[in-house]
Amino acid sequence: MQPVSSQEPSYNGLAAAEATLPSSSYWEAGAYQRDLDAIWYRSWLFACRESDLAEPLAFRTVRIGTQEIILLRDETGMLRAFHNTCRHRGSQLCQESAGRLKARLLTCPYHAWSYSLRGDLVRVPSKSLPDGFDKADHPLYRVALSTWRGFVFVNLAENPEGTAPSSFDPASGDLGNWPLEGLVSGHVLRKVMNCNWKIFWENFNECLHCPGVHKELSRLVPIYGRGLMARHDDPEWKRHADSDAPEFSGGLRDGAETWSRDGRAHGPAFAGLTAAERAAGQTYATSLPSMFIVGHVDYVRVVRLAPLGPEQTELTAEWLFSPEALAATDIDNIVAFGTQVLEEDAGICEVNQRGLRSLRHQAGVLMPEEYDLHRFHQWVRARHAAHGA
Ligand code: FES
Ligand SMILES: [Fe+2]
C-alpha cells in the first residue's frame, strides 16, 4: 500500500474525501455488462481446485455472468476448459454441475454432435455432410486455463494477459509458507447474495463495519473492534508504534490461536509458518475479481465470487485442512465461526444494496479508513478505462 497522507508518510488513511463509484454502477444493466466485459470476461478467475477434478473424465461447470464454462480432466490427465456450448446450433452441452463423464466424448443432448475431450468435433450424425463443411472448423470454443498451487483458474479472453499467479494482488499477503497444494476440503458453503459483486469487495476492503457487524470477530481480532485493519490505519499509530498489544498490532486476542468459536486451533499448526505468520492470526491473499484466501495457523479458507446478475452474486466458501487435521479434528467450531462472519458480511452487503436505488443518492463518500476500498475503486476505474467501458 502506498502512503497517501503527506504529513504522515506511513499512515494508510485517505487524506481527501474521495467519491465512491456512481450508485447506478451497482444495479444498472448497462453498468453490469460493462463490468462483465471490462473485468470478468478478461481476468483470471478461480473456478475450482485441481482436486475437484482429480480423476480422468471428472468435470464441473461454472457460471460467470452469462457465460457457462465446462472444466474437465481428459483421459490423458490434462485439465481443459471450454464454453459449455455446442458448435451446431449453440445448445448447452453439459447439463449437470459436476460429476464424471460416462465416455471419452462430450455429446450434445440436442442432435448428438460429439466432441473429444480435447474439444475436437469427431462425430456428426447427419446422413450426409454439406459441401464446404469440415469438422476441423468446428471444435469446442476453448477457454484459457492456468493453475496456481492446486487452484484452477480460467480466462474468457481469447488472448489473455498474464497467468493465474500474476492475478494476485502483490499488496496482499503471501501464502508461500502454507501447504496449499496438499490441503483437503472440510466444508463448503454456497450462497447467493442479493448484491452487486463490487459491494462484497468493498465490504471486504474495510473494517469500519466490524465493531457493529462482527461482534464476535471484533473480540477475537481486537484491532477490528477499533474499526481498523492494520497498525498504520490509525492516524495516531506512532504513539503505539512499539506496542505488541493486539489492538495495535492487529493479531488475535491474548490466548487465541485461530479463527474459531473459542479461539483455539483444532489441529496441528502448519509446520512451515514463521513466528510472525503465526502471530498475525490471519493472512489474506487476494485475486481480483474472483477470490481471496485466508491462511490461519491450522486451516485455510477460500472464498470465491461469481456475478450472476447486476444485483446477484454467488459466494462459495471452502474450508481446507491438512488430511491429518481433518481426520483427527472436529471442525464444527471453526466452520461455525467463519460461517457466522460470512453471513454477517453477506447480510450487510444486501442491506447496502437495497439503499442504493435512491434517486437522490448519486454517489457516496469515503472515510480515511476506507483507503483499500478506494484502491479497489481505482482498480475498477482503471480496468474500465483500459477496456473502453
Ligand atoms: S445443437 Fe448440439 S448437436 Fe445440434
Ligand atoms: Fe466484514
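## Surface, fold and ring pairs

The protein exposes about 17,800 Å², and carbon and sulfur atoms supply 49% of that area. The model behind this value is predicted.

**Overall build**

The protein has 10 helices and 15 strands. Its radius of gyration is 23 Å, and the globule rule gives 21 Å for 389 residues. The two values are close, so the protein is as compact as a globular protein of that length. Along the principal axes, the C-alpha trace spans about 80 × 55 × 30 Å.

How much of the protein is buried? Buried residues make up 50% of the 389 residues. Contacts also reach along the chain. Take those between residues at least 6 apart in sequence: 65% of them join residues at least 24 apart.

Charges come next. The protein has 39 positive and 48 negative charges. The mean positions of these two sets are 6 Å apart.

**Aromatic pairs**

How many aromatic pairs are there? Rings count as a pair if their centres lie within 6.5 Å. By this rule the protein has 16 aromatic pairs. Two of them are set out here.

| Pair | Distance between ring centres | Angle between planes | Geometry |
|---|---|---|---|
| F46 and F153 | 5.9 Å | 50° | tilted |
| W197 and F376 | 6.0 Å | 90° | edge-to-face |

Start with F46 and F153. Why is this pair called tilted? Planes under 30 degrees apart count as stacked, those over 60 as edge-to-face, and the rest as tilted. The planes of F46 and F153 stand at 50°, so the pair is tilted. F46 sits in strand 1, residues 45–49, while F153 sits in strand 10, residues 151–155. The two residues are 107 residues apart, and the pair links distant parts of the chain.

Are these two rings' residues buried or exposed? The cut-off for buried is under 20% relative accessible area. F46 has 6%, so F46 is buried. F153 has 0% relative accessibility, so F153 counts as buried too.

Now take W197 and F376. Their planes stand at 90°, so this pair is edge-to-face. W197 lies in helix 2 (residues 197–204), and F376 lies in helix 10 (residues 371–386). The pair therefore ties together parts that are 179 residues apart in sequence. W197 and F376 are both buried.

**A ring cluster**

Which residues do ring pairs link into a cluster with F46 and F153? They are W148, F151 and F168.

Definitions and conventions
Residues are numbered from 1 along each chain as its sequence is written. Chains are lettered from A and ligands numbered from 1 in the order in which they are written. This is a predicted model: local features need pLDDT of at least 70, side-chain atom pairs count only at pLDDT 80 or more; totals for chains, interfaces and linings use all residues. Side-chain values use heavy atoms; hydrogens and water are left out. Helices (H or I, at least four residues) and strands (E, at least two) are DSSP runs, numbered from the N terminus. The radius of gyration is taken over C-alpha atoms; the globule rule is 2.2 Å times the number of residues to the power 0.38. Buried means under 20% relative accessible area, exposed over 50%, partly exposed in between (1.4 Å probe, protein chains only). Contact means heavy atoms within 4.5 Å. Accessible areas come from the Shrake-Rupley method with a 1.4 Å probe; for residues, only the protein chains shown count as cover. Lys and Arg count as positive and Asp and Glu as negative; His and the chain ends are not counted. The place of a charge is taken as NZ of Lys, CZ of Arg, CG of Asp or CD of Glu.
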